[in-house]
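Q: I'd like to learn how to read a model like this one. Could you put it up and walk me through it?

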Amino acid sequence: MLAGQRRDYLSLIQADFTDKAIPGNGKIEMSKFEKTRWAVNEFSQDYRDDANIYLPFRSQFFEITKSFYEHFISQNIKAKILDLGCGDDLFIQELLKSFAPAMVTLVDGSIEMLEAAKKRLGNQANLHFMQASFQELFANDTLTEHFDFIYSSLAIHHLPFAEKKKLYTLIHKHLSPGGHFVHYDVVVSSVEQLEKWYLSLWRQWIQQHPAEERREELLGIPNQYKSNRDNIPDTLDSQLEALEQIGFRNVDCYFKYGIFSLFGGSK
Ligand SMILES: C[S@@+](CC[C@H](N)C(=O)[O-])C[C@H]1O[C@@H](n2cnc3c(N)ncnc32)[C@H](O)[C@@H]1O
């Protein structure tokens, strides 16, 4: 997760979740959503409460994604959207203020997050909520549709690289011809000095944004983000390359602020 290690969740879960060789058979065990802190309601509640005040330029990331949507998709009145790792889905709420897609499918591993998204968005007929982990999706492919716009924010960095590639492959498979994938997420720099500066940029943002009485507590978030084993960011380059190898076209990074990046590709 990006934040909220303010409570001791480690005692609640067994944080043994990364790719692991199974002794003897050489197979790689898949990571498990249930073993991450996102499966703990208090943790996801902290994110819902505070993300808006500690995520730098979050509204600008949304605006640029909406501009992308307007430019490439809004003319399609039958547009189908998929949001992977939707959380409480502030983004879809913002999108629906300006556009009227035919259908939006919201997927998350956390039932509490889906409930929060339902509360935020209401029970509209064109919204479909689906509880599934990414791991279940690429293992069983329970998605039945093709989508014109697939979006994900701040969720896929919880997968190890091999699983990111599996999910990107599934995304490509479920894009309609000409469809687009837009991914807003944290990445890691391959240059240590730059990574340090990016984290201090994030701290500077937090210095300037939340109310003064919350600042000290929230200033610890960049360090918590770095030490939380649920966060497995990869470099932007490696992910752009993976998208191209999978077959995405027009792969590019559309906006970047420190470790926060908006990138994607089309089918
Ligand atoms: C940092 S929150 C982001 C939520 C929302 N997309 C946003 O931008 O505010 C990460 C979300 O990804 C979900 N998530 C994390 N790992 C997941 C996985 N392996 N499968 C499905 N959902 C996952 C969490 O439950 C959480 O809702």
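Q: Where is Asp89 found?

A: Remember as we go that this is a predicted model. Asp89 is in the loop between strand E3 and helix H3. The phi angle of Asp89 is near 55°, a positive value in a residue other than glycine.

Q: Is Asp89 buried or exposed?

A: Here you count neighbours: a residue is called buried if 20 or more other C-beta atoms lie within 10 Å of its own. Asp89 has 26 C-beta neighbours inside 10 Å, so it counts as buried.

Q: Which other residue can I practise on?

A: Try Phe57, whose phi is also near 55°, again positive in a residue other than glycine. Phe57 sits in the loop between H1 and helix H2, which covers 58–72.

Q: How many C-beta neighbours does Phe57 have inside 10 Å, and what does it count as?

A: The label "partly exposed" covers counts between the buried limit of 20 or more and the exposed limit of 12 or fewer. Phe57 has 15 C-beta neighbours inside 10 Å, and therefore counts as partly exposed.

Q: Now the strand before Asp89's loop. Why is E3 described as largely enclosed by the rest of the structure?

A: To judge a strand, go through its residues one at a time. E3 spans residues 80–84, and five of the five are buried, so the strand is largely enclosed by the rest of the structure. Look at the two sides as well: Lys80, Leu82 and Leu84 point one way, Ile81 and Asp83 point the other way, and all are buried.

Q: Which strands does E3 run parallel to?

A: For pairing, you look for bridges between strands. E3 and E4 run parallel and are joined by five bridges; in that pairing, Asp83 has Leu106 of E4 as its bridge partner. E3 also runs parallel to strand E6 (residues 147–153), with three bridges joining them. There, Ile81 has Phe149 of E6 as its bridge partner.

Q: What does E4 pair with besides E3?

A: E4 (residues 103–108) pairs in the parallel sense with strand E5 (residues 127–131), over five bridges. One residue pair to find is Val107 and its bridge partner in E5, Met130.

Q: How do I read the path from one of these strands to another?

A: Follow the chain out of a strand, over a helix and into another strand, and note the handedness. E3, helix H3 (residues 90–98) and E4 make a right-handed β-α-β unit. E4, helix H4 (residues 111–121) and E5 make a right-handed β-α-β unit too.

Q: Where does Phe99 lie, and what is it in contact with?

A: Phe99 lies in the loop between H3 and E4. When you look for contacts, it helps to set sequence neighbours aside. Leaving out those within four places in sequence, Phe99 is in contact with Tyr69 and Ser74. Ser74 is 25 residues away from Phe99 in sequence, yet their C-alpha atoms are 6.9 Å apart in space. With 16 other C-beta atoms within 10 Å, Phe99 is partly exposed.

Q: What about contacts over the whole chain?

A: Take the contacts with a separation of 6 or more: residues 24 or more positions apart account for 70% of them. The chain has 267 residues, of which 38% are buried, and it contains 10 helices and nine strands.

Q: Which residues are closest to the ligand?

A: For a ligand, you list what surrounds it, then ask which elements supply those residues. Here 23 residues surround the ligand, and the closest are Gly85, Gly87, Gly109, Ser153 and Ala155. Helix H1 (41–54) and helix H5 (134–140) each supply at least two residues of the shell. The largest share, three residues, comes from H1. By type, the shell divides into 12 nonpolar residues, 10 polar and one charged.

Q: Last one: how confident is the prediction?

A: Check the average, then look for weaker stretches. The chain averages a pLDDT of 90, and 90% of the residues score at least 70. Over residues 3–24, though, pLDDT stays under 50, and for that stretch the model has 44 contacts beyond four places in sequence.

Key: Residues numbered from 1 in each chain as written. Predicted model: local features only at pLDDT ≥ 70, side-chain atom pairs only at ≥ 80, totals over all residues. Near = placed C-beta within 6 Å. Helix = DSSP H or I, 4+ residues; strand = E, 2+ residues; numbered from the N terminus. Nonpolar A, V, L, I, M, F, W, Y, C, P; charged D, E, K, R; others polar. pLDDT = per-residue confidence, 0-100. Contact = placed C-beta atoms within 7 Å. Pairing = 2+ DSSP bridges. Right-handed = clockwise from strand over helix to strand, strands pointing away.
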